[in-house]
Amino acid sequence: MDENTVTDAVLEQMSSTENPRLKEILAAAVRHLHAFAREVDLTPEEWIAGIGFLTAVGQKCSPIRQEFILLSDTLGLSSVVNSLNDKRVLREIPPQSQDTKSSLLGPFYRHGSPAFEYGQSVAAKTPAAEIAYYGRVQDSSGQGIANATIQVWQTDEGGMYDTQRHDGSEMDMRGTFHTDSEGRYCLRTVRPLSYSVPMDGPVGDMIRAQRRHGMRPAHTHFLISAPGYRELVTALYMSSDEYIDSDTVFGVTSSLATEPKSGDHSSPFPSLPSVRYDFVLVVAAKDAASGRVGADPSQFIKHPVEAAH
Ligand SMILES: [Fe+2]
């Protein structure tokens, strides 16, 4: 047995795996893990440092924090999975001309955000830099989708998510809206700010060691769903943001870069800088799985067994 033959021995022993997909994934993981160790000539000290790092990542997780998703995001793995899913969806549905690009769910999504009416603000406080988002949720033929659910969440005027403030239990800067009978939506919020991903854990240590800035360009998250359509997980980014081209989690796509415009007379709030954005949902393939690359962190703490499936 040497560092090369052990790979085949492991694959041979695992070949009795019944579930074919599990077999495929674990066999590839073993091949790539072994190749990785050989490529960098991994030492025992480095191996144990890696174990220590992953242990610390797990210990940092809580009902409001998912350090493993942050690790996946900052290594670009989430972005790869997101792109693969977009391609898979395009293979499953008839060619669509202009469906909205998806983006990462990120580590700050929470279930059950408060319900708001058309045009209401998700900000508990009314700060100076208020903006409006408005437009339609429509299908690929341009037909409005009535009563679609729109969940939004973003940073507050100080660049923090609610889960990062106080004990994290209070919900702010997030809400659930519905489109009207024509598919129209409108909401008011604070202009989002660029922000640092959480740097007080092992992923922050990694980012600092790599001399990266750890910043995300300003954005508002949107999770849009309607019966019969593929759930859309996306975000709208502020195109003037200084980090728009160096997002530390690689989530930006050019078609999602927007900028609030003043003096927009078609906005329901013409006195506010407004972003008009029409979201296009595609018809869901039969038995389509969720396209979310991310999850509410509490999912892993309360229901660890279900979350693993
Ligand atoms: Fe975010």
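This report describes the domains, strand pairing, nonpolar core and selected loop residues of a predicted model.

**Domains**

The protein chain falls into two parts, domain 1 covering residues 5–42 and domain 2 covering residues 67–307. Taken over C-alpha atoms, the centres of domain 1 and domain 2 are separated by 36 Å.

**The five-stranded sheet**

Five strands make up an open sheet in the order β3-β2-β7-β8-β9, and the pairing in this sheet is mixed. The edges are occupied by β3 (174–178) and β9 (257–258); each has a single partner strand, so one side of each is left without a neighbour in the sheet.

Strands of a sheet pair through backbone hydrogen bonds, in either a parallel or an antiparallel sense. Here, β2 and β7 run antiparallel and are joined by six bridges. Six bridges likewise connect β7 to β8, and these two strands also run antiparallel. By contrast, β8 (residues 232–238) and β9 run parallel, with two bridges between them.

Individual residue pairs help to locate these strands against one another. Thr 220 of β7 is the bridge partner of Gln 154, and Thr 220 also has Leu 236 in β8 as a bridge partner. Farther along the sheet order, Tyr 237 stands opposite Ala 257 in β9.

β7 and β8 form a hairpin in which six residues lie between the two strands. In its turn, Gly 228 has a positive phi of about 90°. As for the surroundings of β7, six of its seven residues are buried, so this strand is largely enclosed by the rest of the structure.

**The partners of β1**

β1 is mostly covered, seven of its nine residues being buried. Its pairings with β4, β10 and β11 are set out below.

| Strand pair | Sense and bridges | Residue pair |
|---|---|---|
| β1 and β4 | antiparallel, seven bridges | Arg 136 and Arg 184 |
| β1 and β10 (residues 274–276) | parallel, three bridges | Tyr 134 and Arg 276 |
| β1 and β11 | parallel, two bridges | Gln 138 and Val 280 |

β1 thus pairs in the antiparallel sense with β4, while it runs parallel to β10 and to β11. In β4, Arg 184 is the bridge partner of Arg 136. Tyr 134 stands opposite Arg 276 in β10, and Gln 138 stands opposite Val 280 in β11.

**The nonpolar core**

The largest nonpolar core contains 48 residues, and those with the most contacts inside it are Val 137, Ile 150, Phe 222, Ile 224 and Leu 281. At least two residues of this core come from each of α4 (67–74), β1 (130–138), β2 (149–154), β4 (184–190), α6 (202–209), β7 (219–225), β8 and β11 (279–280). The most is given by β8, with six residues.

The surroundings of Ile 224 illustrate how this core is assembled. Leaving aside residues up to four places away in sequence, Ile 224 touches Val 137, Ala 148, Thr 149, Ile 150, Leu 232, Phe 279 and Leu 281. Among these contacts, Val 137, Ile 150 and Leu 281 are also listed with the residues that have the most contacts inside the core.

**Packing of α4 and α6**

α4 and α6 pack at an angle of about 25°, and their axes are 9 Å apart. Angles under 35 degrees count as roughly parallel, and α4 and α6 are therefore roughly parallel to each other. On the α4 side the contact is made by Glu 67, Leu 70, Leu 71 and Thr 74, and on the α6 side by Pro 202, Val 203 and Ile 207.

**Two loop residues with positive phi**

Most residues other than glycine have a negative phi. Asn 147 is not a glycine, yet has a positive phi of about 60°. Asn 147 is found in the loop between β1 and β2. With 12 C-beta neighbours inside 10 Å, Asn 147 counts as exposed.

Phe 250 also has a positive phi of about 60° although it is not a glycine. Phe 250 is found in the loop between β8 and β9. For Phe 250, 20 other C-beta atoms lie within 10 Å, and this residue is therefore buried. The two loop residues thus differ in their surroundings, Asn 147 being exposed and Phe 250 buried.

Key: Residues numbered from 1 in each chain as written. Predicted model: local features only at pLDDT ≥ 70, side-chain atom pairs only at ≥ 80, totals over all residues. Pairing = 2+ DSSP bridges. Helix = DSSP H or I, 4+ residues; strand = E, 2+ residues; numbered from the N terminus. Core = buried A, V, L, I, M, F, W, Y, C linked by C-beta atoms within 7 Å. Contact = placed C-beta atoms within 7 Å. Domains from an automatic or database assignment. Axes fitted to C-alpha atoms, helices over the stretch in contact; angles between N-to-C directions. Parallel < 35°, antiparallel > 145°, perpendicular 65-115°, else oblique.
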